[in-house]
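Visitor: I should like to understand the reasoning behind the labels given to aromatic rings. Please take me through them.

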Amino acid sequence: MYTVGELLRQWRQRRRLSQFDLAIAADVSARHVSLIETGKSNPSADMVLRLAAQLDLPLRERNRLLLAAGFAPRYAERPLGDDALAAARGALEKVLRAHEPYPAIVIDRRWNVVMTNRGVEPFFADVHPDLLRPPVNMVRLGLDPRGLAPLLVNLDDVRTVFRTRILRQLATAPDRELTDLYEELLTPGVEDSASVPVDSGIVIPMVVRFDGRELRLFSTITTFGTPTDITLDEIAVESYYPADAETAEYFTRSNGTASGRDVTTPPSPATPPPPRPLRGSR
């Protein structure tokens, strides 16, 4: 088990900061940072959190630093279905619902799908049931031949986007399970020769061959701005938008409304139900 000083030094070096840089940002002396890293000074909980904030650490890692320094964790990790997260869950449901008829999903830090809106359902219809057993992983779903891969005209582009984003995540906060996912599906050289390059313009679209046409979509990512719960700190809403008029027209003509739902629940009936209670993503 690492000491708090060892962990701080690892994170500082990962952020490519000198002790002086970190000290200036945290408004402490470089000597004090050095003493903490070498174990010659025991930081207070407030000092640990001040340094962690300047290193932009995820809440999970801030708890780890506190534990290493001998303090209780500061941030809770509740299931998304917990009553304490009802307001946040309601906000996610509203975001998903408002984005229809276009697809939107909520994913956790390991790309497991936590919630979807109804715009996603048609694309999941022919996915092999094994890939829809919880936890449903979006990277595996997108790249597996039994999943969405056969629908993706520019599969190599999509794979590159996955690879870039996950490498960025791992550089920010290393994670063993996410590393395993990367090594399984995204190591360089794992390519799909059937993929067709696409002129991306200003963004790289995801081009889906579906329902006898090609749909071009780009995505945006929404996160909670000031979370104090680990679950909320680690989830994001990925919303897909039409990249051309033809795609927009397709979704407008197939418009249907429904509330956000847990991806593991059965397809919604023709009459949209009220929002369902969500099970935790972990």
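Guide: This model is predicted. One aromatic cluster is formed by Tyr102, Phe123, Phe210, Tyr250 and Phe251. Under the pairing rule, the count of aromatic pairs is six.

Visitor: Why is the pair of Tyr102 and Phe251 called edge-to-face?

Guide: The ring centres of Tyr102 and Phe251 are 5.6 Å apart, with 75° between the planes. Rings pair if their centres lie within 6.5 Å, and planes over 60 degrees apart count as edge-to-face, so both conditions are met. Tyr102 belongs to the loop between helix H6 (86-99) and strand E1 (104-107), while Phe251 belongs to helix H12 (residues 245-253); the pair therefore ties together parts 149 residues apart in sequence.

Visitor: What makes Tyr102 count as buried?

Guide: Its relative accessible area is 18%, and buried means under 20%. Phe251 is also buried, at 5% relative accessibility.

Visitor: How do you know that the pair of Phe218 and Tyr241 is stacked?

Guide: The centres of Phe218 and Tyr241 lie 5.7 Å apart and their planes meet at 20°, so the pair is stacked; the cut-off for stacking is under 30 degrees. Phe218 is in strand E4 (residues 213-222) and Tyr241 in strand E5 (residues 236-242), so this pair links distant parts of the chain, 23 residues apart.

Visitor: Why is Phe218 called partly exposed?

Guide: Phe218 has 27% relative accessibility, and partly exposed covers values between 20% and 50%. Tyr241, at 32%, is likewise partly exposed.

Visitor: Where does Arg14 lie?

Guide: Arg14 is over the face of Trp11, 4.6 Å from the ring centre; the distance limit is within 6 Å.

Note on methods. Residues numbered from 1 in each chain as written. Predicted model: local features only at pLDDT ≥ 70, side-chain atom pairs only at ≥ 80, totals over all residues. Heavy atoms only, no water. Helix = DSSP H or I, 4+ residues; strand = E, 2+ residues; numbered from the N terminus. Buried < 20%, exposed > 50% of the residue type's maximum accessible area, 1.4 Å probe, protein only. Lys NZ or Arg CZ within 6 Å of the ring centre and 35° of its normal.
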